[in-house]
Amino acid sequence: MLKIGLVSVSDRASSGVYQDQGIPALQDWLTQALASPFATVTRLIPDEQAEIEATLRHLVDEEGCHLVLTTGGTGPAPRDVTPDATLAVADREMPGFGEQMRQISLRFVPTAILSRQVGVIRNSSLILNLPGQPKAIKETLEGLKSEQGETLVPGIFAAVPYCLDLIGGPYVETVPQIVKAFRPKSAQKPASA
């Protein structure tokens with residue numbers, strides 16, 4: 001079964017100043033988008049690089065998460081250190097994920113170029129830094145669709161299941177109406193009943 005770590009990085013939410021919206025948004029989206037069974041492990045932590053690094057290492061190395069999604073802390077402000085922490089624990093960077101997230105966000109705001117989101121591999125796990133706002137989380141994962149439901153710009157999650165295949169993770173199926181996972185024909189399995 002797919003195990004997903006969900007990490008919301010926010011000084012204010014972690015100290016109770018306001019309620020975290022990132023983890024609930026991620027859980028809601030995953031429940032709608034994944035056809036395969038999955039379990040989540042959640043963490044709400046402050047913008048402290050050492051704590052972010054320790055959390056990512058723990059989720060991958062101890063909890064055995066195949067996929068870790070972070071939300072928050074990806075901008076240019078001094079306290080935005082999620083990408084720095086993610087790169088510090090990485091074995092390899094996957095630059096296409098950050099590039100595609102910025103491409104999607106640029107459709108809405110010119111300040112998308114200020115985002116420093118990254119995707120990395122640690123051991124046999126994929127770690128992705130997502131935006132902090134629920135609407136932007138959905139857009140980057142799912143992509144942009146026309147009013148008729150056709151995909152105009154693919155979301156990053158379309159590539160996640162095949163990436164997990166390639167790094168030794170479980171075979172993951174998605175709900176195509178939400179996000180259609182792409183795999184080459186040679187890597188596809190018959191749809192489960």
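User: How far apart do the centres of the positive and negative side chains lie in this chain?

Analyst: Lys and Arg count as positive, Asp and Glu as negative, while His and the chain ends are not counted. Each charge is placed at NZ of Lys, CZ of Arg, CG of Asp or CD of Glu. The chain has 17 positive and 21 negative side chains. The centres of these two sets are separated by 5 Å.

User: What kind of model is this, and from which number are residues counted?

Analyst: It is a predicted model, where local features need pLDDT of at least 70, side-chain atom pairs count only at pLDDT 80 or more, and totals for chains, interfaces and linings use all residues. Side-chain values use heavy atoms, with hydrogens and water left out, and residues along each chain, as its sequence is written, are numbered from 1.

User: How many helices and strands does the chain have?

Analyst: Both come from DSSP runs, numbered from the N terminus: helices are H or I runs of at least four residues, strands are E runs of at least two. The count is seven helices and eight strands.

User: Why is the chain called as compact as a globular protein of its length?

Analyst: Take the radius of gyration over C-alpha atoms, and compare it with the globule rule, 2.2 Å times the number of residues to the power 0.38. For 193 residues the rule gives 16 Å, so the chain matches a globular protein of that length, because its own radius is close to that, at 16 Å.

User: What share of the residues is buried?

Analyst: Relative accessible area decides: under 20% is buried, over 50% is exposed, and anything in between is partly exposed (1.4 Å probe, protein chains only). Of the 193 residues, the buried share is 49%.

User: Among contacts between residues at least 6 apart in sequence, what share joins residues at least 24 apart?

Analyst: A contact means heavy atoms within 4.5 Å. Residues at least 24 apart are joined in 69%.

User: Which residues of helix α6 are buried, and which elements are among their cover?

Analyst: Helix α6 runs over residues 134–142. Its buried residues are Ala-136, Ile-137, Glu-139, Thr-140, Leu-141 and Glu-142. Their cover includes α2, β3, α5, β6 and β7.

User: Which residue follows α6 with a positive phi?

Analyst: The phi of this residue is near 95°. The residue is Gly-143.

User: Asn-123 also has a positive phi, so where is it found, and is it buried or partly exposed?

Analyst: Its phi is near 55°, a positive value in a residue other than glycine. Asn-123 sits in the loop between β5 (119–122) and β6. At a relative accessible area of 48%, Asn-123 is partly exposed.

User: Is His-66 buried or exposed?

Analyst: His-66 lies in the loop between α3 (49–62) and β3. Beyond its neighbours within four places in sequence, its contacts include Met-1, Leu-126 and Pro-170. Its relative accessibility is 19%, so His-66 counts as buried.

User: What is the relative accessibility of Thr-82?

Analyst: Thr-82 is in helix α4, residues 82–88. Leaving aside neighbours within four places in sequence, it contacts residues including Val-9, Ile-52 and Asn-129. Thr-82 counts as buried, because its relative accessibility is 0%.

User: How far apart in space are Ala-13 and Ser-186?

Analyst: Ala-13 is in helix α1, residues 11–14. It counts as buried at 7% relative accessibility. Ala-13 touches Tyr-18, Asp-20 and Leu-44, not counting residues up to four places away in sequence. Ser-186 is 173 residues away in sequence, and the C-alpha to C-alpha distance is 44 Å.

User: Is Pro-37 buried or exposed?

Analyst: Pro-37 is in the loop between α2 and β2 (38–45). Aside from neighbours within four places in sequence, Pro-37 contacts Met-1 and Leu-2. With a relative accessible area of 56%, Pro-37 is exposed.

User: Which residues does UniProt list for "domain: MoaB/Mog"?

Analyst: The entry is unreviewed. UniProt positions follow the numbering used here, feature names are shortened, and annotations may be inferred rather than shown by experiment. The listed span is 39% helix and 23% strand, with its end C-alpha atoms 27 Å apart. UniProt gives residues 5–151.
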